[in-house]
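Student: Could you take a close look at one part of this model for me? I'd like to hear about the salt bridge and what lies around it.

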Amino acid sequence: MQPAEHIINGIFDGPELLAVGLNVHPTTLYRCLKPKSAGGTDGAIPQRLQLKMLAWARQTKRQLTPGDFYTKKQLSGG
C-alpha cells in the first residue's frame, strides 16, 4: 500500500473529510492517490501537505508520524 492510500484512507477516513480538516480542495488529495500517468503523485504526499497532515493528526488525536509518508523501501535506502 502506498503512503498516500494508507494515510488518506486509513488514518483520516478519506479525501473528502481530510480536505475539510486541511482546508484544501479534495482534488488535491485525490491526486496523491493517482499514478503519475494519470496526473497523480504515485502515492507520494507533497511536503506542504505532510506538514498540514501532521498538525491535523495532532489536533484530532490520530497516530501519524513523519515515517508514515515513506515506504519501507524508501526508508531502508532501497
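Tutor: Here is a walk from the whole chain to that pair, and then on to the loops and the charged surface.

Keep in mind that this is a predicted model. In terms of secondary structure, you've got five helices and zero strands, so reading along the sequence simply gives α-α-α-α-α. The radius of gyration is 12 Å, close to the 12 Å that the globule rule gives for 78 residues, so the chain is as compact as a globular protein of that length. Along the principal axes, the C-alpha atoms fill a box of roughly 35 × 25 × 20 Å. Of the 78 residues, 33% are buried.

Now to the part you asked about. Search the whole structure and you find one salt bridge. The partners are R62 and D13, and their closest N and O atoms sit 3.2 Å apart. That satisfies the cut-off, because a side-chain nitrogen of Lys or Arg has to be within 4 Å of a carboxyl oxygen of Asp or Glu. As a general point, side chains of opposite charge can pair when their charged atoms come close.

What does the pair link? Distant parts of the chain: R62 belongs to the loop between α4 and α5 (72–75), while D13 belongs to the loop between α1 (3–11) and α2 (15–22), and the two are 49 residues apart. Are these two residues buried or exposed? Neither label fits: R62 is partly exposed because its relative accessible area is 30%, and D13 is partly exposed too, with 48%. Both values fall in the range from 20% to 50% that counts as partly exposed.

Stay with the loop between α4 and α5 for a moment, since R62 isn't the one residue there to look at. T60 is found in that loop, and it is partly exposed at a relative accessible area of 28%. Its C-alpha lies 9.5 Å from that of F12, although T60 and F12 are 48 residues apart in sequence. K61 is in the loop between α4 and α5 as well. This lysine has a positive phi of about 60° although it is not a glycine. K61 counts as exposed, because its relative accessibility is 73% and the cut-off for exposed is over 50%.

A positive phi turns up in another loop too. D42, found in the loop between α3 and α4, has phi near 60°, again in a residue other than glycine. D42 is partly exposed, with a relative accessible area of 39%.

That loop also holds K34, placed between α3 (26–33) and α4 (47–59). K34 is partly exposed at 41% relative accessible area. Together with R31, R48 and K52, K34 forms a positive surface patch. Patch residues need over 30% relative accessible area and no salt bridge, and K34 clears that area cut-off because it has 41%.

One last stop is L33, which is in helix α3. L33 counts as partly exposed because its relative accessibility is 32%. L33 and N23 are ten residues apart in sequence, and their C-alpha atoms are 18 Å apart in space.

Definitions and conventions. Residues are numbered from 1 along each chain as its sequence is written. This is a predicted model: local features need pLDDT of at least 70, side-chain atom pairs count only at pLDDT 80 or more; totals for chains, interfaces and linings use all residues. Side-chain values use heavy atoms; hydrogens and water are left out. Patches are made of residues with over 30% relative accessible area and no salt bridge: like charges are joined within 9 Å, nonpolar side chains (Val, Leu, Ile, Met, Phe, Trp, Tyr) within 5 Å. Accessible areas come from the Shrake-Rupley method with a 1.4 Å probe; for residues, only the protein chains shown count as cover. Lys and Arg count as positive and Asp and Glu as negative; His and the chain ends are not counted. The place of a charge is taken as NZ of Lys, CZ of Arg, CG of Asp or CD of Glu. Helices (H or I, at least four residues) and strands (E, at least two) are DSSP runs, numbered from the N terminus. Buried means under 20% relative accessible area, exposed over 50%, partly exposed in between (1.4 Å probe, protein chains only). The radius of gyration is taken over C-alpha atoms; the globule rule is 2.2 Å times the number of residues to the power 0.38.
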